[in-house]
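Grab your viewer and work through these short exercises. Try each one yourself before reading on.

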Amino acid sequence: MSLELQQSAAALRERFFALETREAVANLLEIKYNHLMWCVYRVPLSQRYTHFSLPKKSGGNRTIMAPVSTLKLVQRKLSQVLNAVYKPKPSAHGFLRGRSIVTNAKQHAGSKYVLNLDLKDFFPSINYGRVRGMFMGTPYKRNPSVATLLAAICCADNQLPQGAPTSPIVSNMICAKMDSQLQKLAEENRCFYTRYADDITFSTDARRFPQSLVIALPGDELGPVTVGPALLSVIQSNGFEINANKVRLQGRGVRQEVTGLTTNRLPNVQRRFAAQIRAMLHAWERYGLDQAEKEFLAKYDHYLAPNTARCSNGIAAGS
């Protein structure tokens, strides 16, 4: 069985919009129909995914659901099809070829104000019903039988599993309507808007940040802020919730960050991070890779050290 589809993106897109039956889905993915049904419906959920947790930098744990090899192959092929079908919005920068945290941060470099906010429980909040409805709605318009199978391939335990190859592209497809609405809201308020996965950023050179996007205490725009009514309405109407602990309004007088990069002038990494990289490269050159890794874990990465073995074995590499 081939690990990827050999057809062009244009051919995959055409075949996707011609799907009418579950058998056609199997043919598109170059998988025998009975095998596809076995992978998606007959194998118990507990045997389809490996579960483990990774710590978040902000505290708590993130649950990773890594598909087993047979299901992972199905999802990889479907991801290839969906990437051919999806037309990226200019504001979307996550999980897309040619776009990255750098292209995302670059849109906001040198701005007077930068507003960052985070969508709470991003992948888990996208449930089976939303995914099935997305495949049935505009612009994909697949019939209920096809949409049901596609959603079943993509979802597990009524959510997008973080660790599945299909989850990144499906999340972008789900967010397409919201991206258009937030782009329009940004333009109406003389702002720039981008999204990298669950990280949303607005920036402006206006004298004050628009109150439809964020509300600050009078005379204290860089203190505690509340998301404005227009912005809150768009996000909630699209089925998402804002993480109130990750709403930040940054002015020129402080270090402005977008997806981990400093953007006061040009997108750049923090000096401390650059120093760590130089130290690791020096240790690698002088003592070898194994010793350099031990030094890195000892000095810089106590937080992730317990999970290093899992990640290096590829369990977390589903997306």
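**Exercise 1.** Which residues in α5 meet which residues in α9? Then work out how the two helices are oriented.

*Solution.* Keep in mind that this is a predicted model. Start with the contacts: on the α5 side you should find S79, L82 and N83, and across from them I169, V170 and M173 in α9. Next, take the axes: α5 and α9 (residues 167-174) pack with their axes 9 Å apart, at an angle of about 30 degrees. Angles under 35 degrees count as roughly parallel, so α5 and α9 are roughly parallel to each other. Last step, the handedness: the crossing of α5 and α9 is left-handed.

**Exercise 2.** Find the largest nonpolar core, then look up what F135 touches.

*Solution.* The core holds 71 residues, and L36, F135, F202 and L231 have the most contacts inside it. Helix α8 (residues 144-154) supplies the largest share of this core, eight residues. Now zoom in on F135, skipping residues up to four places away in sequence: its partners include F16, L82, A147, L150, A151, C154 and M173. Two of those names should ring a bell, as L82 in α5 and M173 in α9 turned up in the first exercise.

**Exercise 3.** Is H93 buried or exposed? Place H93 in the chain and list what surrounds it.

*Solution.* H93 is found in the loop between α5 (69-85) and α6 (101-106). Its relative accessible area is 5%; buried means under 20%, so H93 is buried. Leaving aside neighbours within four places in sequence, H93 is in contact with R99, S100, T103, N104, Q107, T194, R195 and Y196. For N104 there's a further detail: the H93 side chain reaches the backbone nitrogen of N104 at 3.5 Å.

Definitions and conventions:
Residues are numbered from 1 along each chain as its sequence is written. This is a predicted model: local features need pLDDT of at least 70, side-chain atom pairs count only at pLDDT 80 or more; totals for chains, interfaces and linings use all residues. Side-chain values use heavy atoms; hydrogens and water are left out. A nonpolar core is a set of buried Ala, Val, Leu, Ile, Met, Phe, Trp, Tyr and Cys residues joined through side-chain atoms within 4.5 Å. Buried means under 20% relative accessible area, exposed over 50%, partly exposed in between (1.4 Å probe, protein chains only). Helices (H or I, at least four residues) and strands (E, at least two) are DSSP runs, numbered from the N terminus. Contact means heavy atoms within 4.5 Å. A polar contact is a pair of N or O atoms within 3.5 Å; within protein, one must be able to donate a hydrogen and the other to accept it, and residues adjacent in sequence count only if both atoms are side-chain atoms. Axes are lines fitted to C-alpha atoms, for helices over the stretch in contact, and angles run from 0 to 180 degrees between N-to-C directions. Angles under 35 degrees count as roughly parallel, over 145 as roughly antiparallel, 65 to 115 as roughly perpendicular and the rest as oblique. A crossing is left-handed if the near helix is turned anticlockwise from the far one by less than a right angle, and right-handed if clockwise.
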